[in-house]
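The following note sets out points for the colleague who will examine this entry. It proceeds from the contact between chains to the arrangement within one chain.

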Amino acid sequence: MVKSKKKFIDYVSKGFEKGWKHIDASLVTSDETLEADVVIVGSGAGGGNTAEILAQVGLYVIIVEEGPLKTSNDFRMKEDEAYSMLYQESASRQTRDRGIKIFQGRMVGGGTGVNWTTSFRTPETTLNFWVDQMGVKGFSESEMSPWFEWVEKRYKIQSWSLPSNANNSVLETGCTRLGIGWGKIKRNVVGCQNLGYCGTGCPTNAKQSTLITTIPGALKEGAMLISKARAENFEIKNGRIISLKCLSMTKRGNAPSKKFFKIRAKHYVLAAGGIGSPAVLLRSKNKIFNPYGIVGKRTFLHPVNLSGAIMPFEVFGEYGAPQTSFSDHYIDTRLDLNKSGFKLECPPLQPMLVATNLEGHGKFHSEIMRKRPFLQVLIALQRDGFHPESIGGSVFLKKDGSPGLDYTVSSYVWDGIRDAFHVMADIQFAAGAKSVSPVHRDAAIYKSPKKAKEAISSLPMEILKARLFSAHVMGGCPMGEDPEKSVVNSEGTHHEVENLSVFDGSVFPTSIGANPMESIFAISAKFSQELAKKIG
Amino acid sequence: MLTRRSLLKKSAVSGVTILAFETCLASPTIPPAPEDLGHHFEFLSLQDRGILSKLIPVILADSLPSSLDEAELSIKEIIIGWDIAVLGLPILTQTELKRLFEVMKSNFILSMTPRLITGVPSAWEDPSEIENFLNKWRKSEPDNFITGNELRVGYMGLVEITVACWYGNPRSWEFCGYYGPINLNSLIP
């Protein structure tokens with residue numbers, strides 16, 4: 001037999017073989033202090049992007065990442081391996097009351113390594129709200145569009161030309177039949193094989209995550225990557241940070257060990273995401289980082305509810321690009337109604353992901369699992385943070401110093417969640433669903449639109465009853481010009497500590513109202529270029 | 001937080017509950033753990049494994065193989081999967097799960113139908129009692145005088161880890177119509 005030549009080359013691991021600088025902190029025993037021009041905490045959309053831009057102007061950059069370095073050869077499309085390897089808390093992170101499950105990437109590449117490649121510019125309504133209501137400068141649509149253009153080029157964000165898989169087609173068909181506007185999602189992929197396994201790490205390096213783009217870009221310029229190290233806290237002297245203390249993670253990677261090392265740098269950039277970045281400031285336990293007590297406050301989640309449908313045809317939602325269609329109809333039409341708006345999208349449907357997020361057990365659960373090839377799922381993302389009642393959550397430290405999140409769903413958002421259950425059922429039935437079941441403790445399987453409507457109208461909209469999720473943690477270190485209401489200024493620099501910046505989704509003053517990756521890319525690009533001019 | 005102390009405190013409002021609680025602390029025979037297939041358990045105790053071996057068939061119902069041998073093997077693999085999965089979780093979560101097993105052991109009897117209170121030792125052998133127990137936890141309300149939302153949270157964790165361990169296992173795929181990931185080599189021309 002002729003041995004076939006392997007087409008999908010793992011060129012990131014080849015780069016390390018050729019000498020890119022990388023330390024797996026869990027394997028290191030020495031505790032020497034490292035020196036750099038800039039240390040960046042986090043390697044996702046914010047950190048990776050920043051690393052390349054700063055390294056390219058000749059700064060010596062060290063990137064600290066809590067998760068492991070895994071590359072395409074490690075991404076075997078196996079759910080049992082991927083979730084524990086690549087996600088925060090094995091994909092079981094939750095709010096304090098366990099009412100919202102939070103999916104966050106934790107790997108070199110951060111969320112960009114495991115997200116579904118969905119790319120949207122920050123909506124103009126969101127940018128205007130920041131400028132008009134939140135005291136942010138330099139974020140008008142016209143000021144931001146060059147940055148969107150720039151990151152769209154860098155991360156190959158483009159229209160997706162293949163037809164949607166059957167799961168997404170149901171959203172398209174249902175919306176069309178009901179006269180609801182919908183659109184196709186742009187994706188950051190090159191040569192995508194339409195496999196459907198974005199969520200377990202791209203095995204073909206089609207997804208333009210920071211793992212295969214800007215982190216290699218930084219490493220080629222001589223930057224150093226430290227994986228499996230948790231940034232613990234900053235040490236401060238005369239109002240300036242003098243070092244960052246990092247803890248090595250254990251080999252298993254689920255906890256920090258007692259080993260630590262320090263990094264001294266001229267400038268420090270937090271890019272550990274919502275929850276992660278505020279946590280480093282809270283652990284630093286110095287009032288200068290948090291003089292008005294707002295670090296970790298206004299953390300937003302785009303709370304998501306789900307509606308499952310059994311279609312009369314095979315869906316096989318595990319295959320094909322997972323997220324290719326959306327509808328903003330219920331954002332656009334609810335803006336003036338003073339109602340919580342929501343975006344409609346679809347998730348991938350691999351069996352473990354489906355099984356762990358369904359309600360119930362026993363016959364109810366196994367019946368849905370047996371019909372899984374026919375299962376279609378819609379999700380609705382609530383646009384939180386734009387209403388006086390929608391104030392978001394608050395990051396706190398647990399007794400071991402790890403971060404948690406309190407998040408109370410306001411009645412304003414609950415109303416939006418109930419409306420979204422109605423709308424999703426309507427769309428699914430319009431597309432031909434045989435039955436629909438909202439993912440809710442008290443819901444049954446409904447065989448007619450009328451029955452679904454009646455039931456949804458009376459389901460209690462309460463935490464732990466409606467099953468809620470989040471894949472978008474935003475805010476916690478909001479930007480703005482007023483130091484009493486924001487943590488960093490409109491350039492991402494800390495109001496009190498001038499050699500500290502925050503370049504990630506935690507600077508958003510509200511949620512985005514769209515999947516946030518491209519917003520994080522654009523904002524961190526803008527901030528990093530400004531910083532490069534100052535210190536480069 | 002799911003603790004025995006909070007459970008006791010809440011249950012103190014009812015004399016009947018206390019009585020039932022004392023009975024259970026005194027008695028229930030935990031089912032024997034299945035063999036370990038050579039896995040060295042670091043998290044689950046023998047008792048935990050015994051309890052799981054009875055819960056798993058009720059949680060997974062028709063999604064387990066119908067042949068007894070295959071079902072037994074699947075259950076063993078799920079229990080091993082549990083041990084591995086929990087060890088990858090944050091230490092604080094592991095502590096909570098330890099407590100979950102403690103509370104399960106002591107709370108099981110509270111969920112039983114009265115006729116069985118005298119027949120405690122065999123209760124874990126009765127799938128309808130286990131179903132009843134799971135449903136009470138599933139439906140528990142924050143203002144329940146015994147429980148609070150802790151039991152609902154415990155239920156969700158118990159089911160989630162169990163189904164994760166099963167549907168991550170290729171042996172389950174025929175029960176959910178999954179053909180597995182695409183073979184990358186088939187894409188290479």
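How much area do chain A and chain B bury between them, and what share of it lies on carbon and sulfur atoms?

1. Extent of the chain interface. The model is a predicted one. Chain A and chain B together bury about 4,200 Å², and carbon and sulfur atoms account for 58% of that area. The contact draws 49 residues from chain A and 46 residues from chain B. On the chain A side, A:His361, A:Arg441 and A:Leu464 contribute 16% of the area buried against chain B, more than any other three residues.

2. Polar features between the chains. There are 9 salt bridges between chain A and chain B. A pairing across this interface joins the side chains of A:Lys465 and B:Glu141, at 2.8 Å from N to O. In addition, 21 residue pairs are in polar contact across the interface, counted with both residues at pLDDT 80 or more.

3. Composition of the chain A side. Two elements each give two or more residues to the side of chain A that touches chain B: helix H11 (351-357) and helix H12 (362-370) of chain A. H12(A) gives the most, with 6 residues. By class, this side of chain A has 14 nonpolar, 13 polar and 22 charged residues.

4. Domains of chain A. The domain assignment divides chain A into domain 1 (11-90 + 104-155 + 208-293 + 477-535) and domain 2 (166-186 + 193-198 + 304-383 + 410-462). Their centres, taken over C-alpha atoms, are separated by 32 Å. The contact between them involves 18 residues from domain 1 of chain A and 20 residues from domain 2 of chain A.

5. The domain interface. Domain 1 and domain 2 of chain A bury about 1,600 Å² between them, with 63% of this on carbon and sulfur atoms. A:Met77, A:Glu79 and A:Trp116 supply 39% of the area that domain 1 buries against domain 2, more than any other three residues. What is the number of salt bridges across this interface? The rule finds 0 salt bridges between the two domains, whereas 6 residue pairs are in polar contact, both residues being at pLDDT 80 or more.

6. Elements on the domain 1 side. Helix H3 (79-86), helix H4 (110-114), strand S6 (118-119) and helix H5 (124-133) of chain A are the elements that give two or more residues to the side of domain 1 that touches domain 2. The largest share, 3 residues, comes from H3(A). This side of domain 1 has 6 nonpolar, 10 polar and 2 charged residues.

7. The sheet containing S6. In chain A, 3 strands form an open antiparallel sheet in the order S6-S9-S7. S6 and strand S7 (157-158) of chain A are the edge strands, each pairing on one side only. S6(A) pairs with strand S9 (residues 186-188) of chain A in the antiparallel sense over 2 bridges. Within that pairing, A:Thr118 has A:Arg187 of S9(A) as its bridge partner.

8. Salt bridges in the whole model. Over all chains, the structure holds 36 salt bridges. One pairing within chain A brings together the side chains of A:Arg240 and A:Glu498, at 3.0 Å from N to O. This pair links distant parts of the chain, 258 residues apart: A:Arg240 belongs to strand S12 (residues 240-249) of chain A, and A:Glu498 lies in the loop between strand S23 (474-475) and strand S24 (500-502) of chain A.

How values were computed. Residues numbered from 1 in each chain as written. Chains lettered and ligands numbered in written order. Predicted model: local features only at pLDDT ≥ 70, side-chain atom pairs only at ≥ 80, totals over all residues. Heavy atoms only, no water. Domains from an automatic or database assignment. Contact = heavy atoms within 4.5 Å. Buried area = accessible area lost by both parts, 1.4 Å probe. Salt bridge = Lys/Arg side-chain N within 4 Å of Asp/Glu carboxyl O. Polar contact = N/O pair within 3.5 Å; in protein donor to acceptor, adjacent residues only side chain to side chain. Helix = DSSP H or I, 4+ residues; strand = E, 2+ residues; numbered from the N terminus. Nonpolar A, V, L, I, M, F, W, Y, C, P; charged D, E, K, R; others polar. Pairing = 2+ DSSP bridges.
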